[in-house]
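Welcome, and please open the structure in your viewer. We will go from stop to stop, selecting a few side chains each time.

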Amino acid sequence: MTTRSIKLVAILAAAALGCNQTASGPAYNPQIPTDWVSAVTNPYFPLGPGTTYQYQGQTTAGLETNTVEVLTGIRLVNGVAATIVHDRVFLNGSLIEDTYDWYAQDGVGNVWYLGEDSKEIANGQVVSTEGSWEWGVDGALPGIIMWGDPAAHIGEEYRQEFYAGVAEDWAKVLTLNQSVDVPYGNLTGCITTEDRNGLEPDEPRQNKSYCRQIGLALEVVVGGGERVELVARTTP
């Protein structure tokens, strides 16, 4: 995470370039759909209400555990009914991140990331909300979190989110039809993406594996060996 002062400089620089352009890439003018479906059913990113995921991994800072819950309610984001996902990260048993993410699926199966309400926690107190953004607020725009047809986009870099100088993550599909072995099980029919933070070029990239009818199963830091793995998944 960058400091607030650095982010402010980035935002001011972005304004000088144009509202949808920053140093992390060219102007962003996505073709935002007008047809949205009522549920996120993409096989690589299914968000069935009531589903929970448990992840775990040993990092340089300690044992990281991650609880992800798809909530039953919706949130209107710029007029679109979004599925709400509650994501909590714990380090050595202490809550360090508490985030609500908002997603919606278009008529051809692409899943869009519409924003997040993110809080960093230290000693039980909120110490930062940096990284929070919402489509339609201060020029923020949605990005693709999962394609309806990943095979049609192999090697193509795309934005997952856009709030100039604050939230500018990128990804690209690397491989299809992979097998992934995690504590939850041996999963097949998976795709792997490479993700990067456009505002932190020196930050290590991540490979993420998404498996059919499951969703995210594995995150690996490129060159670092750190793994966060799916250990449990429950459905209603």
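Is Arg 227 buried, partly exposed or exposed? Select Arg 227 and you will find it partly exposed, with a relative accessible area of 32% (buried means under 20% relative accessible area, exposed over 50%, partly exposed in between, using a 1.4 Å probe and protein chains only).

A word on what you are looking at: this is a predicted model, where local features need pLDDT of at least 70 and side-chain atom pairs count only at pLDDT 80 or more, while totals for chains, interfaces and linings use all residues. Residues are numbered from 1 along each chain as its sequence is written, and side-chain values use heavy atoms, leaving out hydrogens and water.

**Salt bridges**

Keep Arg 227 selected and add Glu 229: their side chains meet in a salt bridge at 2.8 Å, N to O (a side-chain nitrogen of Lys or Arg within 4 Å of a carboxyl oxygen of Asp or Glu). Glu 229 counts as buried at 18% relative accessibility. Salt bridges that share partners also join Lys 172, Glu 194 and Arg 205 into one network.

Within that network, select Glu 194 and Lys 172, whose salt bridge is 3.9 Å from N to O. Glu 194 lies in strand S12 (residues 185-197) and Lys 172 in strand S11 (residues 169-182), so this pair ties together parts 22 residues apart in sequence. Strands are DSSP runs of E with at least two residues, numbered from the N terminus.

Next, select Arg 159 and Glu 168, a salt bridge with its closest N and O atoms 3.3 Å apart. Arg 159 is buried at 5% relative accessibility, and Glu 168 is buried at 1%. A search of the whole structure finds 8 salt bridges.

**Aromatic rings**

The whole structure also holds 9 aromatic pairs (rings of Phe, Tyr and Trp, its six-membered ring, with centres within 6.5 Å; planes under 30 degrees apart count as stacked, over 60 as edge-to-face and the rest as tilted). Select Tyr 53 and Tyr 55: their ring centres are 6.2 Å apart and their planes at 10 degrees, so the pair is stacked. Both Tyr 53 and Tyr 55 are buried.

Now try Trp 147 and Tyr 158, with centres 5.3 Å apart and planes at 75 degrees, so this pair is edge-to-face. Trp 147 and Tyr 158 are both buried.

For a bigger selection, pick Phe 45, Tyr 103, Tyr 113, Trp 133 and Tyr 210, which form one aromatic cluster.

**A last stop**

Finally, select Arg 75, which lies over the face of Trp 102 at 4.1 Å from the ring centre (the rule: NZ of Lys or CZ of Arg within 6 Å of the ring centre and within 35 degrees of the ring normal).

Terms used:
Helices (H or I, at least four residues) and strands (E, at least two) are DSSP runs, numbered from the N terminus.
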